[in-house]
Amino acid sequence: VLAAGIPAEWLYNAANAEVGVRRLPTAYGVLDYSLRAEGQEVLKLSVGGGLVLPPGGLRIRPPAGKPIKSVKLNGAVLSSFAASEVRIAAVPAELEIRY
């Protein structure tokens with residue numbers, strides 16, 4: 001699960017704020033990801049690194065506290081997601097989450 005513990009104010013109360021990790025060792029390889037808000041209604045997430053996905057993929061739980069209305073994954077509209085999280089099954093991944 002990525003982004004679940006990030007306080008929303010880290011992203012939404014500062015101009016051009018970005019949160020992420022680089023070269024974080026995990027049981028599934030090295031994780032790189034960054035998260036940034038574009039206004040109050042859009043969140044951009046980039047996942048890369050030498051990561052092998054764990055069983056079930058990666059779950060993204062953004063810190064906005066609002067229901068997710070739409071998601072683009074690598075430029076394509078994603079039709080399957082929950083109101084509070086998005087599951088991805090491949091990396092690298094570029095997500096655009098709209099509230």
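Glu-96 has its place in strand S8, and this residue makes a friendly starting point for a walk through the structure, which is a predicted model. With a relative accessible area of 16%, Glu-96 is buried, because the cut-off for that label is under 20%. Its side chain has polar partners: one polar contact, at 3.4 Å, is with the side chain of Lys-44, and another, at 3.1 Å, is with the side chain of Arg-98. Leaving aside its neighbours within four places in sequence, Glu-96 is in contact with Val-42, Leu-43 and Lys-44, and also with Ser-70, Val-71 and Lys-72.

The charged company of Glu-96 extends further. Arg-36, Glu-38, Lys-44, Glu-96 and Arg-98 are linked in a network of salt bridges. Side chains of opposite charge can pair when their charged atoms come close. Within this network, Arg-36 and Glu-38 meet through their side chains in a salt bridge of 2.4 Å, N to O. Are these two residues buried, exposed or partly exposed? Arg-36 has a relative accessible area of 34% and is therefore partly exposed, while Glu-38, at 35%, also counts as partly exposed.

The structure holds eight salt bridges. One of them joins Lys-66 to Glu-41, with the closest N and O atoms 3.3 Å apart. Lys-66 sits in the loop between S4 and S5 and Glu-41 in the loop between S2 and S3, so this pair ties together parts that are 25 residues apart in sequence. Lys-66 is partly exposed, at 31% relative accessible area, and Glu-41 is partly exposed at 38%. Another salt bridge links Glu-85 and Arg-61, whose closest N and O atoms are 2.7 Å apart. Here the loop between S6 and S7 supplies Glu-85 and the loop between S4 and S5 supplies Arg-61, so parts 24 residues apart in sequence are tied together. Glu-85 counts as buried, at 13% relative accessibility, whereas Arg-61 is partly exposed at 32%.

Attention now turns to the strands. In what order do the six strands of the open sheet lie? The order is S1-S2-S3-S8-S5-S6, and the pairing is antiparallel. Strand S1 (18–26) and strand S6 (76–78) are the edge strands, each pairing on one side only. From one strand to the next, the twist averages 20°.

Following the sheet from the S1 edge, S1 and S2 run antiparallel and are joined by seven bridges. A hairpin of two residues connects S1 to S2, and Thr-26 has Gly-29 in S2 as its bridge partner. S2 and S3 also pair in the antiparallel sense, over seven bridges; one example is Ser-34, whose bridge partner in S3 is Ser-46. The hairpin of S2 and S3 has three residues between the strands, and in this hairpin Gly-39 takes a positive phi near 80°. Toward the other edge, strand S5 (residues 70–73) pairs with S6 in the antiparallel sense over three bridges. Leu-73 stands opposite Ala-76 in S6.

In soluble globular proteins, nonpolar side chains tend to be buried together. The largest nonpolar core of this model has 26 residues. Those with the most contacts inside this core are Leu-43, Val-47, Ile-60, Val-86, Ile-88, Leu-95 and Ile-97. Two or more residues each come from helix H1 (8–12) and from strands S2 (29–38), S3 (42–48), S4 (58–60), S7 (86–88) and S8 (93–98). S2 gives the most, with four residues. Which residues does Ile-97 touch, leaving aside its neighbours within four places in sequence? Ile-97 is in contact with Glu-41, Val-42, Leu-43, Ile-60, Pro-62, Ile-68, Ser-70, Val-71 and Val-86.

A last stop is Leu-53, which lies in the loop between S3 and S4. At 22% relative accessibility, Leu-53 counts as partly exposed, because buried means under 20%. Leaving aside neighbours within four places in sequence, the contacts of Leu-53 are with Tyr-28, Leu-58, Ile-88, Ala-89, Ala-90 and Val-91. Between Leu-53 and Gly-20 the C-alpha to C-alpha separation is 18 Å, and these two are 33 residues apart in sequence.

Methods:
Residues are numbered from 1 along each chain as its sequence is written. This is a predicted model: local features need pLDDT of at least 70, side-chain atom pairs count only at pLDDT 80 or more; totals for chains, interfaces and linings use all residues. Side-chain values use heavy atoms; hydrogens and water are left out. A nonpolar core is a set of buried Ala, Val, Leu, Ile, Met, Phe, Trp, Tyr and Cys residues joined through side-chain atoms within 4.5 Å. Buried means under 20% relative accessible area, exposed over 50%, partly exposed in between (1.4 Å probe, protein chains only). Contact means heavy atoms within 4.5 Å. Two strands pair if DSSP finds at least two bridges between them. Axes are lines fitted to C-alpha atoms, for helices over the stretch in contact, and angles run from 0 to 180 degrees between N-to-C directions. A polar contact is a pair of N or O atoms within 3.5 Å; within protein, one must be able to donate a hydrogen and the other to accept it, and residues adjacent in sequence count only if both atoms are side-chain atoms. A salt bridge is a side-chain nitrogen of Lys or Arg within 4 Å of a carboxyl oxygen of Asp or Glu.
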